[in-house]
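Open the model in your viewer, keep the selection panel handy, and let us walk through it stop by stop.

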Amino acid sequence: LAAELRALLFRFPCAVLDGVRWSALGRAYRERLGGEGLPPLRSPAAQSACQQLAEIVEYLEGAQGGEGVFTLRDEAALAVAPGADVQLACWPLLVRRLGEIVRTHGAPQPVSVLGGTVAQGLVAEVGGG
C-alpha cells in the first residue's frame, strides 16, 4: 500500500503546497488501480503505510475535526529517482526539453519583443542572444 500511495502523491502537484486529502487519494487509487480503493485512514493498514512514508510525507490534521491533508516534503518533491514514475520531479527535464525545442525550431526575436530585463535572462538561459 505504501508504494501505491507514494506513486499517487507524486501525481498531485498540489501535494507540495496545499496537500491532498485521503478521500482524493482514494478516488485516484480506484481510478488508477481499481478495486475497493483505500482502507479507512485510521485502519492498521493505512496507518502502517503512512508510517512507511513519514520521511517524504507529512500529515496535517484538519481544523475542527475535518479531513486532514498529506503534503510532500520539499526534499522528496525535488529529488529525482532514476526510473521513477513521478510527475513532480520531471519539471527540470521538461524545461530542458523545451529549451532544446526552442533552439531547434524557434526563430530569433529581439529582446525588446520579449519584454526587457527578465526576458534577457530567459533568453540567455535557453541559449539565445
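**First stop: the second largest pocket**

Of the residues that line the second largest pocket, seven are nonpolar, two polar and two charged. To see them in this predicted model, select Leu 41, Arg 42, Gln 47, Cys 50, Gln 51, Leu 53, Ala 54, Val 57, Glu 58, Tyr 59 and Phe 70. The space inside this pocket comes to about 160 Å³. Colour α4 and β2 as well, since each of these elements gives the lining at least two residues. Leave Tyr 59 and Phe 70 switched on, as both belong to this lining and will come up again.

**Zooming out: the whole chain**

Before going further, switch to a cartoon view. How many helices and strands does the chain have? You should find eight helices and three strands. Going from the N terminus, their order is α-α-β-α-α-β-β-α-α-α-α. If you colour by accessibility, buried residues account for 29% of the 129 residues. Contacts are worth a look too: taking those between residues at least 6 apart in sequence, 49% join residues at least 24 apart.

**Second stop: the cavity**

Now turn to enclosed space. The structure has one cavity of 30 Å³ or more, and the largest cavity holds about 40 Å³. Select Leu 5, Leu 9, Trp 22, Leu 25, Cys 50, Leu 53, Val 57 and Phe 70 to display its lining. What is the character of this lining: nonpolar, polar or charged? The residues are eight nonpolar, with no polar and no charged ones. Two helices to highlight here are α1 (2-9) and α3 (22-33), each of which supplies at least two of the lining residues. Cys 50, Leu 53, Val 57 and Phe 70 may look familiar: they line the cavity and are also among the residues lining the pocket of the first stop.

**Third stop: the aromatic rings**

Show the side chains of Trp 22, Tyr 59 and Phe 70, which ring pairs link into a cluster. The count of aromatic pairs is two. Start with Trp 22 and Phe 70, a tilted pair with 5.6 Å from centre to centre and 45° between the planes. This pair brings together distant parts of the chain, with Trp 22 in helix α3 and Phe 70 in strand β3 (residues 69-72), 48 residues apart. Are these two rings buried or exposed? Trp 22 is buried at a relative accessible area of 9%, and Phe 70 is buried at 5%.

Swing round to the other side of the cluster. Tyr 59 and Phe 70 have ring centres 4.7 Å apart and planes at 50°, so this pair is tilted. Tyr 59 sits in strand β2 (residues 57-60) and Phe 70 in strand β3, so the pair ties together parts eleven residues apart in sequence. Tyr 59 itself is partly exposed, with a relative accessible area of 27%.

**Fourth stop: helix α3**

Select α3 and look along it. The helix has twelve residues and spans 16 Å from its first C-alpha to its last, close to the 16 Å expected at 1.5 Å a residue. Which of its residues are buried? They are Trp 22, Ala 24, Leu 25, Gly 26, Ala 28 and Tyr 29. Show what surrounds them, and you will find these buried residues packing against α1, β1 (20-21), α4 (44-52) and β3. Just after the helix comes Gly 34, with a positive phi near 75°.

**Fifth stop: Thr 71 and Ala 46**

Go next to Thr 71 in strand β3. Thr 71 counts as buried, at 9% relative accessibility. Beyond its neighbours within four places in sequence, Thr 71 is in contact with Ala 15, Asp 18, Gly 19, Ile 56, Val 57, Glu 58 and Leu 60.

Finish in helix α4, at Ala 46. Its relative accessible area is 0%, so Ala 46 is buried. What does Ala 46 touch, setting aside residues up to four places away in sequence? Its contacts are Leu 1, Trp 22, Pro 39, Pro 40 and Leu 41. Draw a distance line from Ala 46 to Leu 1: the two are 45 residues apart in sequence, and their C-alpha atoms are 7.6 Å apart in space. Trp 22, among these contacts, takes you back to the ring cluster and to the lining of the cavity.

Note on methods. Residues are numbered from 1 along each chain as its sequence is written. This is a predicted model: local features need pLDDT of at least 70, side-chain atom pairs count only at pLDDT 80 or more; totals for chains, interfaces and linings use all residues. Side-chain values use heavy atoms; hydrogens and water are left out. On a 1 Å grid over the protein atoms alone, a cavity is a set of points where a 1.4 Å probe fits but cannot get out, and a pocket is an open set with protein on both sides within 12 Å along at least five of seven lines; lining residues have an atom within 4 Å of a point. Grid points are joined across faces, edges and corners, and a volume is the space filled by probe spheres set on the points. Helices (H or I, at least four residues) and strands (E, at least two) are DSSP runs, numbered from the N terminus. Ala, Val, Leu, Ile, Met, Phe, Trp, Tyr, Cys and Pro count as nonpolar, Asp, Glu, Lys and Arg as charged, and the others, Gly among them, as polar. Rings of Phe, Tyr and Trp (its six-membered ring) pair if their centres lie within 6.5 Å; planes under 30 degrees apart count as stacked, over 60 as edge-to-face and the rest as tilted. Buried means under 20% relative accessible area, exposed over 50%, partly exposed in between (1.4 Å probe, protein chains only). The expected span of a helix is 1.5 Å times one less than its number of residues. Contact means heavy atoms within 4.5 Å.
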